[in-house]
Every structure is written in structure tokens, then in C-alpha cells.
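Please open the model in your viewer and keep the sequence panel beside it. This tour goes from one selection to the next and says what is found at each stop.

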Amino acid sequence: MNQTRLGYLYGVGAYLLWGFFPIYLKLLRPAGPIEILAHRIVWSVVFVALLLAALRNIGFLRALTRRPRTLAGIGVAAALIAVNWGTYIYGVNSDRVVETALGYFINPLVSVLLGVFVLRERLRSAQWAALGVGGLAVAVLTVDYGRLPYLALTLAFSFAGYGLVKKRLGLPAAEGLFVESAVLALPALAYLGWLSQQGESTFGHVSAGHTALLVLAGAATAIPLLLFAGAANRLPLSVLGMLQYLAPILQLGCGVLIFHEPMPPARLAGFALVWVALIVFTADALRNTRRTRAAARTRTPVTAATR
């Protein structure tokens, strides 16, 4: 199998797992959102540590201790992903899967916004248009909900911020996830210990299946990230950008078709505006990629002739 086809399989696999993740989280009831988050953190550390040990790749930790700025960045990334995970778990288990899907639909637009304000990037007119339509969509959804769609916005901003920090750190997926989870592991263990002391822990007290599902939260967290890393190493960014919409489409389907969450006309109009913004944004990105490649091809013969 060639590397491109393998990249597609990895990418589709990652986004399929993320897309159906709400079903898995629903199965973790009656555990509360914070308990689920704590187990997700602790078992992620265990799963990735075993994976790194199997690959004999634990030595990277020594190198990290000599890079204090990288460690500080990992701390920021850990805080952002904890907010993202916790918000998502709360959203799913409070029957707001549709709103969580919205967060991941608008995430690419928020990433562009962070590029403007944090990295001082200059946008093309189509990108500004996409941001404008996205802002209008949030306004329409605010009217529909009677409040800001704060769950969606928290998910979008926390994940976009996490992506920005990770881009600057440049750590491989498994190593990065291990250190980020390890930073959060002590408070997570402390919370689980306190919960057990209060007699409110569900771990080991509901059923063997429920306990196994909590333990498997680590693998359920790590495997899609590792598949995504494999896809990112083999596919162009434009292809990954198209694949990323698979997860929120499936999450939206779970919310409406499986969990029967309401989708009134005003909310549907808000989502439609988000999709228009994403179509404009994606079409512009693809057009710009083609122009860049065409320009590179025209420059290559000139360079060769001058040597």
C-alpha cells in the first residue's frame, strides 16, 4: 500500500473515531464530567507510557528537562486541552451534542482569527468574508439559543489555541500527549482519590463493563491522535483540511439522529451560515494551494537554467 493511501486510511480512521466519540461518552454515565475527564487523563498517561516503552522512546524526557521554555509551552497546551476535553464531556453528557459539533465546525475560522491577532498574519479577502459569515452565524445562533453558544465557542477557542501552541512546540503526537497528560495527572489522581473518599466514585461500583470503559478512555483518547499524526505526515494540509469536517458532521448526526436533540429552523439557519463560511474558506484555501504549486512549477525551470 502506498503512503498516500495509508495517509487517507489514517485520517479517515481518526475522524471517524472522533465523530462517534459522543456515543462512547454517553456509555460512561453515571460518571460525572469531571470524573470522566480525570480518568481520561490518567489512563492516557498509562496507555501512552506503555506505547513509548514498547517503542523504547522514553529517553526524550531527559532532553525535555533541559528545555524550560518547551516545558512551559507544554503546561499551556495541557491547560488548553483539559479545558477542551472537560467542556466536550460536559456538553455531550448534558445532551448538547449539536452545540459541541458546532464548536468543531467553527474551529477552522477561529484558527484563522488567532493567526491574525497572535501571529500577525494577513488575510485574503475570501478569508475575511468567511470570518464575517461565521460571525453572522454566531449572532443567529445566539438569538436561537437565547444566549451565546458558549460551549461551542469554548471548544473552538480552546482547540484552536491548543493547535497554535502545539505548532510552535513541534513535538511528535505520542510524546506530546504523554507529557501533557502527565502534567495533568497529579491533580486528576488527587480528584479521583477525593471522590473515592467521599464515596461518590463510580469506578468499580457500577459494573465491570463500566469500569473497563473508563480504563479504555486512555486508548480512546490516544489512538485517534496517533492516527491523525500518521495522516499529517503523509497527506497535504489541504487534504487534511477537507477531512477535518468529517468529525463534526458525524457528531451532528449523532446529536440529531441518535440522541434526538432539537434542530429548529433558526438553529438550522445558523448552521447553514457556518457551512457557507467553511465552503468559502475551504475553496479559497484550495485555490491558493493550486496557485502556490503552479508558481513553484514555473520557477523550477528558470532556477535550473541559471545554474
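Rings of Phe, Tyr and Trp, the last taken by its six-membered ring, count as a pair if their centres lie within 6.5 Å. By this rule there are 13 aromatic pairs in what is, it should be said at once, a predicted model.

Begin with the whole chain, shown as a cartoon. The protein has 14 helices and zero strands, and its radius of gyration of 21 Å is close to the 19 Å that the globule rule gives for 307 residues, so the protein is as compact as a globular protein of that length. Along the principal axes, the C-alpha atoms fill a box of roughly 75 × 55 × 40 Å. If you colour by accessibility, buried residues make up 44% of the 307 residues. Turning to contacts between residues at least 6 apart in sequence, you will find that 85% of them join residues at least 24 apart.

Next, select residues 21-27, which form helix α2, and show the side chains of phenylalanine 21 and tyrosine 24, which lie three residues apart, or about one turn of the helix. Are these two residues buried or exposed? Both phenylalanine 21 and tyrosine 24 are buried. Their rings form a stacked aromatic pair, with 5.6 Å from centre to centre and 15° between the planes.

Keep those two rings on screen and add Tyr88, Tyr104, Phe159 and Tyr162, since this is where the view widens. Ring pairs link these four residues with Phe21 and Tyr24 into a cluster.

Now select residues 97-117, helix α6. With 21 residues at 1.5 Å a residue, helix α6 should span 30 Å, and its end C-alpha atoms are indeed 30 Å apart, so the expected and the modelled span agree. Where does α6 bend? The bend, of about 45°, is at asparagine 107, and a proline, proline 108, follows within four residues. If you then display the surroundings of α6, you will see that this helix is mostly covered, with 18 of its 21 residues buried.

Finish with two places where a charged side chain meets a ring. Select lysine 26 together with phenylalanine 259: the charged end of lysine 26 sits over the ring of phenylalanine 259, at 4.7 Å from its centre. Then select arginine 40 and tryptophan 85, where arginine 40 lies over the face of tryptophan 85, at 4.4 Å from the ring centre.

Conventions:
Residues numbered from 1 in each chain as written. Predicted model: local features only at pLDDT ≥ 70, side-chain atom pairs only at ≥ 80, totals over all residues. Heavy atoms only, no water. Helix = DSSP H or I, 4+ residues; strand = E, 2+ residues; numbered from the N terminus. Expected span 1.5 Å × (residues − 1). Bend = angle between axes of the 7 residues up to and from the residue. Buried < 20%, exposed > 50% of the residue type's maximum accessible area, 1.4 Å probe, protein only. Phe/Tyr/Trp six-rings, centres within 6.5 Å; stacked < 30°, edge-to-face > 60°. Lys NZ or Arg CZ within 6 Å of the ring centre and 35° of its normal. Rg over C-alpha atoms; globule rule 2.2 N^0.38 Å. Contact = heavy atoms within 4.5 Å.
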